[in-house]
Amino acid sequence: MKNLVILGAGTAGTILANKLVRLLDADEYKIIVIEQSKVHYFQPGFLFIPFGVYKDRHVVKPVNELLSKKVNCVFETAKIIEPEKKRIVLQNDVAIPYDFLIISTGNRIAPEETEGLKESLWQKNIFDFYSLEGAKNLFKFLNDWKGGRLVVNIAEMPIKCPIAPLEFLFLADYFFTQKGIRDKVDIQFATPLSGAFTKPIASKMLSDILIKKNINVINEFNIARVDNSAKTIVSWDEQKIPFDVLITVPINKGNDVIGNSKLGDELNYIPTDRESLRSQKYSDIFIVGDATDLPISKAGAVAHFQVDILVKNLISYIQQKPLEEKYDGHANCYIESGFGKGILIDFNYDTEPLPGTFPFPIFGPFSLLKETRMNHYGKMMFRWIYWNTLLKGYKIPFIEPHMTMSGKKRPY
């Protein structure tokens, strides 16, 4: 029997395991998942916790409830990957051999990488919403806050779900409006990007929404440090932005096991073939989701589309056939914009987000690059789909791994 090891049971790893147990002969392949946490987090839901929309119970479930009973799950931290020996050594020094390895270790926030960020004001006047702890602490703070200057800052790209900071800004505007204190809150967005988003057409549309909501954007702000005593963030060129509350999107890094194993770059992301999703160095290792170094968003939808491609290529590799499936960089995302409306974007390596309809031309029912109530409903329905369809490895109707131009219109 051969060991197929999946390192990490986040979104990508869970979908993969549940798909593969239905496709591979259990008498020939033993599927082993190595995961350090016994709970699975619906990370897109963290965004809603500071505003009281979701609670813990909406975003946390036991890993064992999500994986097929046919999957062998090992709850332990991986210490090092040894590709030459084809094994993973765990923190308890147990070594697990593999014949095929899929790395889906995701990434994490690293506030310790920015000087002064994780000091006296951390979780008091400085919060993140990319962790459950940060989101819950922020909920407590905002619930009693009477107003002042709120600054949202992205420390450095890439980050998980690059649209999430914009969603936070939109929801903050809605939240403070509903509380009747919007006129008492000065919302500032300090980003290292030259615009609101990485793609021009979407960036222009999203920037216009920020302007309408009276949210000030400071572009090309590259944070160097946080001055806790002065409640100020300082850029490398000594630009200073004072805050009463700082919402930080810290530097993101890949899992420590990647660094320990010397498999990744300086941020612990693994060099990955952008089409086949195989390691650029080891033919028996595939990488998926946030662990890759690919030039595409680190988001759940990306992991979902990559899994569909990877599964076919992995089976081709097992059967000693050419890897013919090609991932095109497909990503899509619902953007909650507040006041019961949302936006949808759909793009890939070569095509930026465009206006139009999705997934069908003419009648949608969802609109691309346009604020609609239907897009809001799509965003809110996704949590149910995530737990009940996506993680179980079932196909989501009418959603394909490759991007299509159907329904899209170029505005020029």
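**Helix α6 and its surroundings**

Let me start at the end of a helix: α6 is followed by N214, and the phi of N214 is positive, near 60 degrees. Everything I show today comes from a predicted model.

Before going further into α6, a word on the whole protein. There are nine helices and 24 strands. The radius of gyration is 21 Å, and a compact globule with 412 residues would have one near 22 Å, so the two agree. Along the principal axes, the C-alpha atoms fill a box of roughly 65 × 55 × 40 Å. Of the 412 residues, 59% count as buried. If you take the contacts with a separation of 6 or more, 67% of them are between residues 24 or more positions apart.

Now the surface. The protein exposes about 17800 Å², and 51% of that is supplied by carbon and sulfur atoms. On charge, I count 51 positive and 47 negative side chains, with the centres of the two sets 6 Å apart.

Back to the helix. α6 runs over residues 200-212, which is 13 residues. From its first C-alpha to its last, α6 reaches 18 Å, close to the 18 Å expected at 1.5 Å a residue.

Which residues of α6 are buried? They are I201, A202, S203, M205, L206, I209 and L210. As a reminder, an α-helix has 3.6 residues a turn, so residues three or four places apart point the same way. With that in mind, look again at the buried positions, among them A202, M205 and I209.

What covers the buried residues of α6? The cover includes one helix, α5 (164-179), along with the strands β13 (185-190), β14 (216-218), β21 (331-338) and β22 (341-347).

One residue of this helix in closer detail: S203, which lies in α6. Is S203 buried or exposed? Its relative accessible area is 10%, and the cut-off for buried is under 20%, so S203 counts as buried. Leaving aside neighbours within four places in sequence, S203 is in contact with G195, A196 and F197.

For a second residue, I move to a strand. D227 is placed in β15, residues 223-227. Its relative accessibility is 30%, so D227 counts as partly exposed. D227 and G116 are 111 residues apart in sequence, yet their C-alpha atoms are 6.4 Å apart in space.

That leaves two residues to look at on the screen: S203, buried in α6, and D227, partly exposed in β15.

Definitions and conventions:
Residues numbered from 1 in each chain as written. Predicted model: local features only at pLDDT ≥ 70, side-chain atom pairs only at ≥ 80, totals over all residues. Heavy atoms only, no water. Helix = DSSP H or I, 4+ residues; strand = E, 2+ residues; numbered from the N terminus. Expected span 1.5 Å × (residues − 1). Buried < 20%, exposed > 50% of the residue type's maximum accessible area, 1.4 Å probe, protein only. Contact = heavy atoms within 4.5 Å. Rg over C-alpha atoms; globule rule 2.2 N^0.38 Å. Areas by Shrake-Rupley, 256 points an atom, 1.4 Å probe, with all protein chains shown as cover. Lys, Arg positive; Asp, Glu negative; His and termini not counted. Charge placed at Lys NZ, Arg CZ, Asp CG, Glu CD.
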